[in-house]
Amino acid sequence: MNTLLGVDTMGPVRCYIGLGANIGDSRATIAEALKRLNELPNLTVDTVAPLYRSAPIGYTEQNYFINTVAEVSTTLTPRQLLTALQQIENDLGRVRVMRWGPRTVDLDILLYGEQTILEPELQVPHPRMTQRAFVMVPLADLNPGLVIDGQKAQLLARRLAEEQEIYAEQRRYKDVVKKMNCNYSLYLVTDRAILEGRDLYHAVEAALQGGVTLVQLREKHTSSRDFYQIALGLKDLTCKYQVPLLINDRLDIALAVDADGIHIGQEDLPLQVVREMLGPQKIVGYSVANIEEAVYGERNGADYLGAGPVYATQTKSTPIEPLGVEGLRSIKEAVSIPVVGIGGINVRNVSQVRRSGVDGISVVSAILGSFNPANASRELYTAWHKKD
Ligand SMILES: Nc1ncnc2c1ncn2[C@@H]1O[C@H](COP(=O)(O)OP(=O)(O)OP(=O)(O)O)[C@@H](O)[C@H]1O
Ligand SMILES: Nc1nc2c(c(=O)[nH]1)N=C(CO)CN2
Ligand SMILES: [Mg+2]
């Protein structure tokens, strides 16, 4: 605790949370638990270690576990944090049957700053953590030099990993963090036709410099080989600016370049199939034009919805009746996942769109139709963030 002019001021405290699951789709449950953790008002998930598969410790007649550790900062007190973790466990269907038994998800406070807590309901540092490879190995990934009970995390992790069965999961969990922090506010969808021969990479890079937060590569009449090559090039760019790259429609291309996700429409592969094939850690977006499609999207695994057209546009060959801001608002209110508006959005109507409550705007021509995509993006960014 810092003391400033005799007043106690508490900044956020760095904590480590252990996550474990061995019933149902453990990876998906852990991803969901992390998302809910990050959504707590007084807590931010800063980093998540890779996932590990580990043999059950304690009671051994149960499935292998998926385990990881999250580094978080929070202004919650230890007790409040414990209550919040237990709430998430319960909401995700945890039923306590036996000690050390199978569970849909387990969230333990491993460390709370430097504090030691010895209460009947809460002991911190977690009393068994230094005996558990499934805790120490991911913890050492996050903070190898951390000292617990006078011992370095990395040394403890190495020693424990020799005695206890633990495997690194191939599925990369950095994706989960990326997905969790995905910012939908200024979402660029590409269209090379609008560029009229200007260089796509050049335009996208300018847009990224101008503040675009998400990029979707959309190609209409391109060979698979060219699509793949363009996607690889864009991936380098989006990585440089730490912005997710999504691929329109083509699951094969999304997989081939290990994109951050895919965006599909009503006529593309079924949503559940795409989700199943890409796994829980990738972003799946779904185009909707009405409430029914939106609710369907939310129930069948979409991470966000692209709702539109908000205004009349020439991008689609068959014109659809625009939703208008009210239609957009009704879609946003019908679901709890992020919604981005698309179709005819430009710097003049952006604040109107924002007032519908959506999470972002998706644009094609407002950026790529401009000879200065950096400026166009900057203006949209400013307009979106302007308080009225
Ligand atoms: N650091 C801690 N983090 C979470 N729960 C704790 C902690 N210390 C004590 N507890 C208490 O442990 C009780 C049992 O928790 P739970 O059923 O999740 O145990 P467990 O995860 O199966 O076992 P273990 O504690 O060995 O990991 C909780 O009700 C909680 O009050
Ligand atoms: N491998 C593994 N074994 C366990 C785990 C766990 O998360 N992973 N959790 C337990 C109780 O917290 C008991 N045993
Ligand atoms: Mg527990």
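**Exercise 1.** In this predicted model, find which atom of Ile 109 lies 2.8 Å from a nitrogen atom of ligand 1, then look at the surroundings of ligand 1.

*Solution.*
1. Start at Ile 109: the atom is a backbone N or O.
2. Move to the oxygen atoms of ligand 1. One is 2.6 Å from a side-chain N or O atom of Arg 103, and an oxygen is also found 3.0 Å from a side-chain N or O atom of Asp 106.
3. Now check the cover: ligand 1 alone exposes 620 Å², and the protein buries 84% of that.
4. Finally, survey the 16 residues around ligand 1. Eight are charged, five nonpolar and three polar. β7 gives the most to this shell, with three residues.

**Exercise 2.** Work out which residues hold the magnesium ion, ligand 3, as protein donors, and whether they are buried or exposed.

*Solution.*
1. Look for the donors: they are Asp 106 and Asp 108, each through OD, at 2.0 to 2.2 Å from the ion.
2. Check their accessibility: Asp 106 and Asp 108 are both buried.

**Exercise 3.** Describe the polar contacts of ligand 2 and how much of ligand 2 the protein covers.

*Solution.*
1. Take the nitrogen side: a polar side-chain atom of Ser 54 lies 2.8 Å from a nitrogen of ligand 2, and a polar backbone atom of Ala 55 is 2.8 Å from a nitrogen of the ligand.
2. Take the oxygen side: an N or O atom in the Asn 67 side chain is 2.8 Å from an oxygen of ligand 2.
3. Read off the cover: of the 340 Å² that ligand 2 has accessible on its own, the protein covers 97%.
4. Place the shell: β6 (65-74) and β7 (106-112) are the elements giving it two or more residues.

Note on methods: Residues numbered from 1 in each chain as written. Chains lettered and ligands numbered in written order. Predicted model: local features only at pLDDT ≥ 70, side-chain atom pairs only at ≥ 80, totals over all residues. Heavy atoms only, no water. Polar contact = N/O pair within 3.5 Å; in protein donor to acceptor, adjacent residues only side chain to side chain. Areas by Shrake-Rupley, 256 points an atom, 1.4 Å probe, with all protein chains shown as cover. Helix = DSSP H or I, 4+ residues; strand = E, 2+ residues; numbered from the N terminus. Donors = N, O, S within 2.8 Å, 3.2 Å for Na, K, Ca; no water. Buried < 20%, exposed > 50% of the residue type's maximum accessible area, 1.4 Å probe, protein only. Near = heavy atom within 4 Å. Nonpolar A, V, L, I, M, F, W, Y, C, P; charged D, E, K, R; others polar.
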